[in-house]
Amino acid sequence: MEIVHLGSGSRGNAAMVRTEETTILIDCGFSMRQIERRLAMVYAKPEDLDAILITHHHGDHGKSARAAAKKWDVEIHANFETCARLSLDPVNQCRVFESLERRDLGPDLSMLPIPIPHDDAENVAFVLNGPEGRAGFMTDLGEPTEELIKHMSGCQHISVEANYDVNRLFGNMKYPQSLKDRIHGRGGHLSNRQTAMMLDRLVHDNLDSIVLCHLSSENNAPHLAESEVLCQIDEDFKGEIQISKQDGPEFTHWLGQRAAEPLRWT
Ligand SMILES: [Zn+2]
Ligand SMILES: [Zn+2]
């Protein structure tokens with residue numbers, strides 16, 4: 001299983017997962033042109049896509065879902081709330097899933113959606129299951145739930161948001177207190193600290209790779225996120241940490257391999 005983050009942050013999110021027989025996107029939060037361009041950088045085309053999974057309706061995750069369903073004729077998978085909020089036709093344009101409904105996306109890839117708390121959205125995390133094992137993807141959540149930890153346990157790869165540094169967020173003079181409280185609250189985003197604490201519970205001998213994503217450009221920095229996480233898990237974690245930035249893709253992960261492969265133009 002090949003995992004490529006095409007880009008991640010408040011201005012757009014999409015990740016491609018490709019197995020021998022199946023190619024999917026998780027989220028479709030860039031313009032169609034951007035997604036086409038970024039897919040081409042890893043030798044993929046929209047026509048290759050078997051499915052697009054949408055985590056929730058916010059623009060940075062679902063903005064091009066409707067256009068992709070029409071233009072690329074690809075199956076969109078989302079829960080009912082997300083499907084409705086993105087104005088997708090639940091019969092012709094979207095295959096609606098229920099929380100914790102395991103579903104095959106192709107002959108060698110299946111997914112499990114896990115509900116997570118986030119704002120007014122019915123957000124989900126995904127565990128993808130392929131021939132070499134499992135990979136977990138979770139972004140935009142105010143706090144990890146026990147259910148989420150349970151399903152993410154045992155994954156060989158984890159992509160998780162590390163949205164903000166607590167000191168930077170609360171010291172940010174441009175943000176009103178109400179916005180700071182929303183980001184920090186149960187329906188907001190994970191701080192570097194929360195991400196570190198959660199990863200501490202998910203580290204095991206076969207966790208090969210972690211990608212930190214959705215870093216706030218205002219309230220975080222790659223070195224802050226990475227150091228906070230490493231400080232917490234370093235003793236037990238044998239794999240590698242990478243950071244997915246807004247403008248990608250920069251690297252490819254192969255499930256079962258520790259080191260990410262840098263893409264040639266970076
Ligand atoms: Zn987001
Ligand atoms: Zn969101």
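**Burial.** I began with burial: of the 266 residues of the chain, 52% count as buried (20 or more other C-beta atoms within 10 Å of the residue's own, exposed being 12 or fewer and partly exposed in between, with C-beta atoms placed from the backbone). I kept in mind that this is a predicted model, where local features need pLDDT of at least 70, side-chain atom pairs count only at pLDDT 80 or more, and totals for chains, interfaces and linings use all residues. Residues are numbered from 1 along each chain as its sequence is written, while chains are lettered from A and ligands numbered from 1 in the order in which they are written.

**Helix 9.** Next I looked up helix 9 (helices are DSSP runs of H or I, at least four residues; strands are runs of E, at least two; both are numbered from the N terminus). I found Ala225, Glu228 and Val229 buried there. They cover an arc of only 90° around the axis, which puts them on the same side of helix 9 (the arc is that of the directions from the helix axis to the C-beta atoms). On the face turned away from that buried side I noted the exposed residues His223 and Cys231. I then checked what covers the buried residues, and the list includes helix 8 (192-202), strand 12 (209-213) and strand 13 (240-243) (contact means C-beta atoms, placed from the backbone, within 7 Å).

**The sheet.** I traced 8 strands in an open sheet, ordered 6-5-4-3-2-1-14-15 with mixed pairing (two strands pair if DSSP finds at least two bridges between them). Its edge strands are strand 6 (94-96) and strand 15 (261-262), each pairing on one side only. Strand 5 (residues 75-78) runs parallel to strand 6 over 3 bridges, and I saw Ile76 opposite Cys94 in strand 6.

Terms used: Two residues are in contact if their C-beta atoms, placed from the backbone, lie within 7 Å.
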